Structures are given as C-alpha cells and as structure tokens.
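Student: Could we go through this structure together? I would like to understand how its parts meet.

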Amino acid sequence: MRLMQQIGEWLDERLQLAATLRETAEHPVPRETASWFYVFGSAALVVFVMQIITGILLAVTYVPSAGEAWNSLQTLNHSIAFGWYIRALHGWGSNFMVAIVLIHMVQVFLFGAFKYPRELTWIVGIFLLLMTLGMAFSGQVLRFDQDAFWGIGIGASISSRIPIVGPWIVYLLLGGPIIAGSTLSRFFALHVFVIPGMLIAFIGLHLLMVLKLGINEWPMPGRIVRKSAYIKEYHELTKKDGIPFVPGAVYKDIFFAGCVLLTLAIVAAYFGPFGPSGRPDPTIIQTAPRPDYFFLWLYALLSLLPPQAETPALLIGPVIAILFLLLLPFLFGEGEKSWRRRPIAVLTILLVAVVLGTFTDLAGHPPWSPVMDAWSGDPIPQQFLQNRSALERQGALIFQLKQCHNCHALGDEGGKRGPALDNVALLLTPDQLIRQVIQGGGNMPAYGKNLSPPETTALVAFLKTLHPAGQPPARNASRTIAAEPVANPPTSTNR
Amino acid sequence: MTLPDNLSRRAMFVKLGILFNGIIATLLAIPILRYVLAPVRRARKVGYDTWLSIGSLEQFPAGQTRLGTFRNPDVHPWDGKTAYSACWVRRIDEHTFQVFAINCMHLGCPVRWFPQSGLFMCPCHGGVYYEDGARASGPPERGLFEYAYKIEEGKLYIKAGELPTPVSPDKPSALVDMSGKQSCA
C-alpha cells in the first residue's frame with residue numbers, strides 16, 4: 001500500500017495532474033442534475049470506447065480487400081475463438097451507439113440545454129451525430145457482403161443526382177468507375193482513421209465545454225434564460241445548491257453505463273453478429289438489399305415519395321434539416337428551458353419520432369417491394385379456386401404464371417406493391433378489368449403485349465370471381481339500361 | 001536596414017517562418033490533392049469505357065433475354081469477384097440486340113427478368129421495366145441504361161466499364177457491326 005502511494009507521488013511530481021483531476025472530478029453541479037435523465041451522454045461515451053476496443057480487435061483479423069474481406073469475416077465468425085462475439089459486440093454496439101446518441105439528443109433538446117451559453121456544445125453535438133451515422137454507414141460497407149455492395153450502389157445513385165458535380169462525387173466515393181477494391185479501401189480509411197479521429201477530437205471539445213460551462217441545470221418552468229444574467233444565476237445555483245460531481249452525481253452515470261454494457265453483452269451473445277449475407281459477387285443478382293435498421297426509414301421514404309419529389313427531397317431535405325439543427329440555438333437561444341412551457345418542442349419530437357418509427361416499421365415488411373418469388377412460391381389460397389369453372393382456373397394459372405401474384409395479394413399471400421385483389425370484382429367491371437390488364441396504368445405495367453386474347457379472357461374470368469359470396473360483382477350500369485326495352489324509342493335513328 | 005517600430009527582428013522571423021511553411025504546404029497540397037482526386041481525373045481519360053466481350057452469340061438465342069457477365073477493364077488483382085459485372089442481353093433477332101445494365105435506374109438495385117410476363121422487376125422499391133427496357137411502373141424516372149454493342153467475329157461486345165447511375169447518358173448510340181468479319185476495334 002505504501003509502495004503504491006510512493007509510485008503515485010512520484011508520478012504526480014512529474015505529471016502535475018492530480019490537483020487538476022481532483023478539481024475536475026469534484027466540480028460542483030446543480031443538485032437536481034444528479035438525475036437518471038442526465039446519464040445518456042456518458043453512456044454514449046462508454047459505448048464509443050467499447051467500439052474502439054472491439055474495432056481494434058476486429059482489425060487484427062479483418063482484411064480490407066474486396067476479394068478477401070468476406071472470407072475474413074467468415075474466419076472471424078467460425079474459425080477464431082469468440083471472433084463471432086467480438087463482431088456481435090461491435091455490430092450491436094453501433095446500434096446501441098446510434099440509439100443512445102439519439103436519446104441523448106432528445107433529452108438535451110427537451111431540457112433546453114442548447115440555449116445560451118451552450119450553443120457551441122449543441123453544434124459540436126450535431127457534428128457528432130452526423131459522424132456517428134457516418135460510422136454506422138461506413139461500418140455496414142466494411143461488412144462487405146451483398147447488402148453492403150448494393151448499399152454503396154444506392155449511395156452512388158443518390159450522389160449522382162447532385163447537380164453538376166454528381167458524377168465526380170460518385171468517382172470519389174467509389175474510388176474508381178465501379179464498386180470494387182478501391183471502394184472498400186476508401187471506406188476502410190474513413191471508418192478506421194478519418195471519422196474516428198474526428199470523433200475523438202469533437203468528443204474532447206464537447207466534454208471540455210460541458211466542464212467549462214457546467215452541466216445544464218434542471219429546467220424549471222418560469223426560470224428564463226437571459227444572456228445578461230444567466231452565467232451569474234448559474235454560478236449562484238451551483239454555489240448555493242450544488243454537490244460535487246464525484247461522488248454526488250457520477251454514481252448514476254456509472255450504474256447506467258454498466259447496465260448498457262451488460263445489455264449489450266447479452267444482446268450480442270443472444271442475437272450474434274450481423275451477417276455477412278451473401279458473397280459480394282455482382283453477377284449474383286438474386287438479392288434484395290436492405291439497409292441496416294437506422295437507415296430503414298430512408299429506405300421507406302425513398303419508395304413512398306412521388307418520383308418527381310425524390311431528387312429534391314434527397315438533396316435539399318438533409319441540408320434543411322442539418323441547417324435547422326445548427327441554427328436552433330441561435331433562433332431559440334434565450335427564454336424558457338422547461339419542456340412544460342415549450343409545447344411546440346415536445347410536439348416536434350413526438351412528430352419526428354412517430355414519422356421515423358412508422359417508416360422504420362413499414363420498412364420491416366416493405367409493401368412497396370414486389371415479392372419476387374410469390375408467383376412460384378405462394379399458391380393461390382384454396383377458397384379462390386373452389387367451385388370455379390375450367391376457364392376461371394386457367395385464369396388463376398395465368399395469374400400465377402404472369403407474376404401478377406408478385407405485386408397483388410390474394411388472401412394475404414403475395415406482394416403488396418399493388419392493391420390486394422380479394423374483392424377486385426366489386427370495384428371493377430369486366431370491361432374495366434380488361435382495360436386495366438391490357439393497358440396498365442395507375443402504377444401497373446401494361447400486359448397487352450404479353451397476354452394473348454385467350455389468356456386475357458381466362459385471367460379476367462378468374463378476376464370476375466373475386467368477390468365475397470352474397471355481394472354481386474360490379475357491373476356497368478349503362479349496359480343494363482341499354483339492354484332494357486325503352487318505352488319511348490328515339491324518333492330518329494342513324495340507320 | 002530600418003524596421004517599423006512594432007516589428008521586431010524576432011517577430012519578423014516568425015512571420016517569415018510561417019510564410020515559408022505556407023509555401024511548402026501549398027507545394028505539398030498539389031500531389032496530395034492529385035492523389036485524392038485521382039479517380040475523378042482518370043474518369044476523364046479514355047479507358048474507363050472499353051469494348052468488352054460478353055461471349056459468343058450462341059449464348060444468346062434470338063427472342064430471349066439472358067444474363068451476361070463481363071470483366072471490367074479498370075480493375076486490380078485484389079478486387080476478387082467485384083471485378084465482374086452483369087448485364088441483361090436481349091436478342092431481338094439475328095443481328096439486333098439490346099444490352100441493359102442490371103442496375104435499376106431508381107437507386108441501382110439489380111433488376112430481375114421474368115420471361116413469362118416479359119418484365120424486369122426490381123426487388124428494392126418495385127421499379128418495373130418492359131422487355132425493351134422502357135419504364136413500366138414504380139419509382140424509376142427513366143428506362144434501364146442501355147450499353148452500346150457491336151458484333152465481331154461471332155462475339156458480342158458491349159461498351160462498358162463504369163457503374164451506370166440515373167444520370168448516365170441515356171441510350172448511347174449503338175454501334176452495330178453487321179458484317180461479323182471486319183476487325184476495326
């Protein structure tokens with residue numbers, strides 16, 4: 001024990017850090033900030049450190065070459081003791097990181113912590129969020145599988161739409177004319193050197209400002225932020241009703257960080273690593289690429305936007321969103337901090353959460369993607385085939401053979417790209433059915449060239465049977481009138 | 001030599017030193033930027049797009065659409081399978097072809113060919129194209145990208161080597177060599 005003390009004293013005589021560290025640790029914070037709401041920033045930091053450790057461990061085995069990356073992931077998954085677990089920790093760690101950073105941001109926003117004098121802390125935080133998302137995307141690319149390969153293609157397609165410089169940005173992104181080894185090397189450099197370096201620097205800045213300016217006090221309704229008086233009021237608050245950060249508040253951070261790490265360890269062990277999915281072979285096209293979960297909302301948005309609105313929304317939307325976030329502390333730098341007095345702020349958060357949640361949920365079972373194997377894999381349910389004539393059953397066969405089922409569901413089976421056809425005969429008359437099948441329209445391809453007249457007849461005969469028992473199918477009212485004998489025939493005829 | 005009062009000898013040396021480093025930094029920036037921007041500069045040279053063989057004509061029966069593969073011209077030994085790309089080859093008749101990029105012109109996912117309904121379908125956001133590559137439905141704003149092709153000595157060549165994106169020039173002029181004997185590559 002005495003030896004330890006002597007070593008400590010020897011070190012501090014040379015480092016001269018102990019006093020500074022003690023002062024930093026024991027700096028007074030407002031009493032109410034020792035709260036479970038104030039633990040997300042430190043948890044994000046702990047997960048980030050975890051990502052650095054597991055990242056370095058993965059780099060020991062991973063080969064950043066287009067030809068070998070996928071094989072090295074297989075080696076990690078199957079041949080090295082606990083290689084799969086390090087991959088799982090890193091993969092799930094990235095999900096945790098994105099989630100915790102977002103929660104931290106929401107808390108900071110609702111508690112008005114971005115207001116004077118912490119504007120720059122918020123702005124640095126926005127950059128940290130963007131870098132975290134950059135890490136998430138580039139990390140997905142390093143898992144160089146089919147999803148990653150086509151994912152970069154999607155990134156390139158989006159970038160190509162930027163006016164004038166678009167094609168150049170694609171070349172820069174890919175490091176060449178196609179997605180290949182140079183692309184992976186670029187993303188490796190970004191994911192392992194560039195973005196982490198910037199992250200560390202910005203986290204340092206972020207923490208320094210938290211220490212220098214003090215943690216945001218618990219917002220009280222009616223306690224208004226004024227630039228002229230805030231700093232004095234804050235110092236009075238910490239002096240009058242403050243507690244030292246260590247141990248007054250830090251134990252909640254420690255406890256929460258421990259819980260996060262434990263959850264991460266369990267989740268990683270239970271669910272295992274992400275992929276890799278199929279080999280990144282561009283000539284294997286039997287693939288349906290999906291982004292990782294934090295970009296699922298974007299995947300949904302891209303299929304739900306009208307085509308004409310897509311490019312402007314993709315190129316202008318993020319710029320406006322980021323600009324708004326950056327300008328937020330300047331637009332609303334003073335005034336009320338409490339969420340109880342900021343209904344629009346609360347509603348904004350709710351709206352964004354509901355929108356992102358809905359899009360993410362939709363992307364989990366995407367209704368806009370055709371089910372590519374429904375025509376051969378999902379049979380037509382029995383109730384649509386019982387007591388049908390030979391012609392109608394032939395039509396059902398055409399329905400399968402011509403891949404109608406890929407986009408149209410019957411009895412909840414098949415694609416949801418187009419409307420379900422369970423009751424189509426109630427909505428369209430036979431003539432309208434023929435027109436729709438042959439000419440398409442309303443986001444349906446025209447089948448005129450690919451259906452012979454007998455095939456069309458059979459298909460429409462089948463479609464005519466798709467109505468609930470007891471409800472008559474739609475019919476053309478004018479036909480009925482035309483068929484009825486007219487009481488007073490027109491006096492003149494064209495014949 | 002007289003100096004202004006506020007500029008001491010040492011202060012001047014500091015400024016000279018900064019200037020000196022600035023000049024060196026500018027000089028070093030040239031090779032660094034050239035290195036970083038190399039893919040953009042190379043793109044403007046010839047060689048990205050080259051005539052590439054996708055196999056003999058017998059592989060592509062008339063009236064059918066089949067998957068063709070080719071090796072890209074600008075590749076490295078460590079590119080593995082990513083050195084290859086695929087394309088859809090539609091042989092209309094003896095001498096007329098259409099060669100489409102497999103990338104959907106919405107966001108680049110690989111489209112699949114369904115001969116029964118004569119449609120290309122994209123698994124990502126549901127873009128659909130007719131057999132001639134024209135847009136049928138879904139979010140794409142244009143038809144499939146079409147490679148220029150030529151027939152030479154019984155082989156089908158396409159001009160390729162670059163990832164087609166939605167802004168790639170539409171339908172390059174197809175260069176068809178009908179004689180099958182000339183070698184003018």
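Tutor: Happy to; we will take the interface and then one helix, keeping in mind that this is a predicted model.

Student: How many residues does each chain bring to the contact?

Tutor: Residues count here when heavy atoms lie within 4.5 Å. On that basis chain B contributes 56 residues and chain A contributes 59 residues.

Student: How much area is buried between chain A and chain B, and what share of it do carbon and sulfur atoms give?

Tutor: The buried area between the two chains is about 4900 Å², and the carbon and sulfur share of it is 65%. On the side of chain A, the residues losing the most area to chain B are Pro177(A), Ile285(A) and Met372(A), together 14% of what that side buries.

Student: How many salt bridges and how many residue pairs in polar contact are there between chain A and chain B?

Tutor: For salt bridges, the count between chain A and chain B is zero. Polar contacts do turn up across the interface, with both residues at pLDDT 80 or more: 23 residue pairs.

Student: Which helix gives the largest share of the side of chain A that touches chain B?

Tutor: Several helices of chain A each supply at least two residues, among them H8 (166-174), H9 (181-213) and H14 (307-331). The largest share, eight residues, comes from H7(A).

Student: Which residue just after H1(A) takes a positive phi?

Tutor: Helix H1 of chain A covers residues 2-15 and reaches 20 Å, close to the 20 Å expected. Just after H1(A), a positive phi of about 60° belongs to Gln16(A).

Notes. Residues numbered from 1 in each chain as written. Chains lettered and ligands numbered in written order. Predicted model: local features only at pLDDT ≥ 70, side-chain atom pairs only at ≥ 80, totals over all residues. Heavy atoms only, no water. Buried area = accessible area lost by both parts, 1.4 Å probe. Salt bridge = Lys/Arg side-chain N within 4 Å of Asp/Glu carboxyl O. Polar contact = N/O pair within 3.5 Å; in protein donor to acceptor, adjacent residues only side chain to side chain. Helix = DSSP H or I, 4+ residues; strand = E, 2+ residues; numbered from the N terminus. Expected span 1.5 Å × (residues − 1).
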